[in-house]
Amino acid sequence: MITMKTYQFTAQIEKDKETGLYVGLVPNLPGAYTQAATLDELQTNLKEVIELCLEELSPEELSDLSEFIGFQQITIAV
């Protein structure tokens with residue numbers, strides 16, 4: 001029996017003003033980004049792209065993934 005490891009990722013989600021599509025990316029997983037017309041579709045697409053990206057990583061690369069901490073808003077007046 002194969003034991004599967006569970007990973008948890010945080011995705012950054014934005015809405016493209018030109019296309020109206022939702023764009024999602026996982027900051028600490030190289031290559032993990034996708035887009036969709038709805039948030040539900042985006043979540044499905046993100047799960048698929050994360051699985052694909054994880055399949056391409058070696059066990060060493062998996063253990064070396066950085067820990068995503070969060071976002072900070074910075075306000076600057078210019």
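**View 1. Gly24 and Thr34 face each other across two paired strands.** Gly24 stands opposite Thr34 in strand E3. Bear in mind as you look that this is a predicted model. Gly24's neighbourhood belongs to the pairing of strand E2 (residues 22-25) with E3, which is antiparallel and built from 4 bridges. Helix H1 packs on the sheet here, touching E1, E2 and E3, and its direction makes about 155° with that of E3.

**View 2. Three strands line up to form an open sheet.** In what order do the strands come? The order is E1-E2-E3, and the pairing is antiparallel. At the edges are strand E1 (12-15) and strand E3 (33-36), each of which pairs on one side only. From one strand to the next, the twist averages 20°. As a general reminder, strands of a sheet pair through backbone hydrogen bonds, in either a parallel or an antiparallel way.

**View 3. A hairpin links E1 and E2.** How many bridges join E1 to E2? There are 4 bridges between E1 and E2, and the two strands run antiparallel. Look for Lys15, which stands opposite Tyr22 in E2. The hairpin has 6 residues between the strands, and Gly20 takes a positive phi near 80° in this hairpin.

**View 4. The largest pocket holds about 570 Å³ of space.** Which residues lie nearest the centre of the largest pocket? They are Tyr7, Phe9, Lys47, Ile50 and Glu51, out of 18 residues that line the pocket. Helix H1 (residues 39-56) gives the most to this lining, contributing 8 residues. Sorted by class, the lining of the largest pocket has 10 nonpolar, 4 polar and 4 charged residues.

**View 5. The second largest pocket holds about 160 Å³ of space.** Its lining can be followed along the chain: Tyr7, Gln8, Phe9 and Thr10 take part, along with Asn28, and then Leu65, Ser66, Glu67 and Phe68. By class, the lining of the second largest pocket has 4 nonpolar, 4 polar and 1 charged residues. Tyr7 and Phe9 may look familiar, since both also line the largest pocket.

**View 6. Confidence along the chain.** The protein chain averages a pLDDT of 93, and 100% of the residues score at least 70. Where is confidence lowest, and where is it highest? The lowest mean, 90, is found in helix H2 (residues 59-63), while E3 has the highest, at 98. A handy general rule is that predicted coordinates should not be read in detail where pLDDT is low.

Terms used. Residues are numbered from 1 along each chain as its sequence is written. This is a predicted model: local features need pLDDT of at least 70, side-chain atom pairs count only at pLDDT 80 or more; totals for chains, interfaces and linings use all residues. Side-chain values use heavy atoms; hydrogens and water are left out. On a 1 Å grid over the protein atoms alone, a cavity is a set of points where a 1.4 Å probe fits but cannot get out, and a pocket is an open set with protein on both sides within 12 Å along at least five of seven lines; lining residues have an atom within 4 Å of a point. Grid points are joined across faces, edges and corners, and a volume is the space filled by probe spheres set on the points. Ala, Val, Leu, Ile, Met, Phe, Trp, Tyr, Cys and Pro count as nonpolar, Asp, Glu, Lys and Arg as charged, and the others, Gly among them, as polar. Two strands pair if DSSP finds at least two bridges between them. Axes are lines fitted to C-alpha atoms, for helices over the stretch in contact, and angles run from 0 to 180 degrees between N-to-C directions. Contact means heavy atoms within 4.5 Å. pLDDT is the predictor's confidence in each residue, from 0 to 100.
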